[in-house]
Amino acid sequence: MKRHVFLLAAIFFAVVPLCLSAGGSTAVTKTTVLNPEAYPPPITQLPMAPRVDTLKGKTLYIIDVRFVFCEPFFEELVDWFAKNMPDVKTVWKQKAGAYGLDDPELWAEVKAKADAAIVAPGH
Amino acid sequence: MQPFEDLVKETAREEGMPYERFIYVPTPVSSQPRSVVKKYLEGNDPVTGKPVMQEIIDALTKPLTSEEAHSGPIPSVKEDPRIIGPDTEENLRQLFMNKGWTDGLPIILPTEERVAAMLKGTSHKPDEVVGKMSAGPHPARQYTVEKVAVNAVMAGCKPEYFPVVLALASSAFASTSTSTTSFARMAVVNGPIAKEIGMNSGIGALSPWGLNQANATSGRAWTLITLNLSGMKPGVSYWGSQGNNLNYNNIFFAENEAASPWEPYHVQKGAKKEESVISVFSGRSFTSTQAMTSNWKWEMIQTSKAFYPSPGSGLTLLVDPLIVREWMNDPDFNTKEKVSEWLYENTTLDAKHYKAVSFSYSFAKPQAEEGVEPYASWYKLPDDALIKFLGSPDNVNIIVVGGGTQAFGYALDFSYVGKASIDKWR
């Protein structure tokens, strides 16, 4: 019996230090890091253009930003208004320059002459 | 296909129009016949499921809501703080991956200690503004030396590479564009710093093999800078349809000035030989060319003709020192200017096909209509007339790189877009 106690004690003392050792090695190291992202600039909301009550009798500018070979889209859009809303005067305008460039003259014309405008299309 | 809803909404928000009324049609619209786009207009919006034309009419006639009529500052989206954690390395790595802050490859976590060490690679203060960058239609973001250092650490750069990385960041050139056409970029280092930091300009300079740490990690840092500092968001504002494998660490190397009989590239662009400068190029692709066999001239011209002709685009040759040695023995090719002139003169396309190229339609035609040369003259040419579409010998760049083991090189559809001083950031 004494021998058994001794063995149990031996196992206990042998095991406990191993457990303590294992527990020590799995202690989690935590660290801090720096955020790699730049912050976006502040945004100011622009007022949207007021809407018209109706398109009847109004001038609608349809502006082509000149993405690659999109004329058929505009031809169809203009045709749709001619067939379905003939009292809307559509003006199809191609923006000057490549699609990514500004055209201040056209925007001034829209403000002066259009009641409403569609700017299109993407891809 | 892709209606680009996220791109449209996010770009509009960042431009101050968060409630702009958008109507979507199926894509592509480009190059589709009337019969196809007619169905688009008579069909439903792929995002809302509502009839397209009714949505257009409603968008033009329905009164503005109070939100739409509002103007003034928009509360900013909550951003992550400067310091993240504490957390385990495993969790932080996963966080960086989940946030989209990496290129998908393992990173070095930018601990405060590592970033502090990187900052010792420059004399500039951490809070100094380096510049602004935008990779697409979204507004450019501003960033500091510290932010660049964080990304340089993540890429695996050593502190001695940091002036090169800062120069790239200061150039304002992103390492790609958000374009659906999947751009790539190239950066070439000239001057003493290349040798000082161990950049490879010889054997395997463009490869991942061997001791290419300076080339590999500095190039990768440019990609991470673009990802994290320009505001580009994959899946929102990046839509390169196929992507470009060059984007992983870009084409990034030093010119082999020691093996070149010609003036270094940066000297051609106005810098002094003893200055350290980074030159930036933009394009999409590259292919092999050679100057070894009797057929090389024909082969090289066919290669340059095969690139997509785009207004403003250039041709860049990365030539091995052996090619240069061959050329130096030929009185017609013994200067960069002669080679550039020859390539410009012979890289041609007939007017019919030039005008049919999509980029000609988008970029050359509008300029031709405004009388901008050479496009105005090109658009008046008969269909069978040949157009020297590189535009000028100045658009042909020649850079010497390689170890002299083969008279091969690369031809790239890359244009020179600008340069930045590295010395400024030491």
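## Salt bridges first

A salt bridge here is a side-chain nitrogen of Lys or Arg within 4 Å of a carboxyl oxygen of Asp or Glu. With that in hand, you can look at how the two chains of this predicted model hold on to each other: between chain B and chain A there are 4 salt bridges. Over all chains, the count by this rule comes to 18.

B:Arg34 is a good residue to find on your screen. Its side chain meets that of A:Asp79 in a salt bridge, at 2.5 Å from N to O. B:Arg34 also forms a salt bridge with A:Glu76, where the closest N and O atoms are 2.8 Å apart. B:Arg34 sits in helix α2 (residues 34–42) of chain B and A:Glu76 in helix α2 (residues 71–84) of chain A, so this pair joins two chains.

## Where the chains touch

How many residues does each chain bring to the contact? Chain B supplies 81 residues and chain A supplies 53 residues. The area buried between them is about 5900 Å², and carbon and sulfur atoms give 63% of that. On the chain B side, B:Arg34, B:Leu60 and B:Tyr361 lose the most area to chain A, together 14% of what that side buries. So B:Arg34 turns up again, having already appeared in the salt bridge that joins two chains through A:Glu76.

Polar contacts play a part too: 28 residue pairs are in polar contact between chain B and chain A, counting pairs with both residues at pLDDT 80 or more. Which helix gives the most to the side of chain B that touches chain A? Helix α16 (residues 358–369) of chain B does, with 7 residues. Sorted by class, that side of chain B has 40 nonpolar, 18 polar and 23 charged residues.

## Strands that cross over

The chains also pair up through strands. Strand β1 (residues 31–34) of chain A and strand β2 (residues 83–87) of chain B run antiparallel, joined by 3 bridges. If you want a spot to zoom in on, A:Leu34 stands opposite B:Ile83 in β2(B).

## A sheet in chain B

Now for a sheet inside chain B. Its 4 strands form an open sheet with mixed pairing, in the order β8-β13-β9-β12. β8 (286–290) and β12 (396–400) stand at the edges with a single partner strand each, so one side of each is left without a neighbour in the sheet. From one strand to the next, the twist averages 25°.

β8(B) pairs with strand β13 (residues 408–412) of chain B in the antiparallel sense, over 5 bridges. Within that pairing, B:Gln290 stands opposite B:Phe408. Helices lie across this sheet as well. Helix α13 (residues 321–328) of chain B lies across β9 (315–319), β12 and β13, running at about 100° to β9(B). Helix α14 (residues 336–346) of chain B lies across β9 and β12, at about 135° to β12(B).

## A sheet in chain A

Chain A has an open sheet of 3 strands in the order β4-β3-β5, and here the pairing is parallel. Which strands sit at the edges? They are β4 (89–94) and β5 (116–120), and each pairs on one side only. Neighbouring strands are turned by 20° against each other on average, ignoring direction.

Strand β3 (residues 59–64) of chain A pairs with β5(A) in the parallel sense over 5 bridges, and A:Ile63 stands opposite A:Val119 in β5(A). Helix α3 (residues 104–113) of chain A lies across β3, β4 and β5, running at about 165° to β3(A).

Conventions:
Residues numbered from 1 in each chain as written. Chains lettered and ligands numbered in written order. Predicted model: local features only at pLDDT ≥ 70, side-chain atom pairs only at ≥ 80, totals over all residues. Heavy atoms only, no water. Contact = heavy atoms within 4.5 Å. Buried area = accessible area lost by both parts, 1.4 Å probe. Polar contact = N/O pair within 3.5 Å; in protein donor to acceptor, adjacent residues only side chain to side chain. Nonpolar A, V, L, I, M, F, W, Y, C, P; charged D, E, K, R; others polar. Pairing = 2+ DSSP bridges. Axes fitted to C-alpha atoms, helices over the stretch in contact; angles between N-to-C directions.
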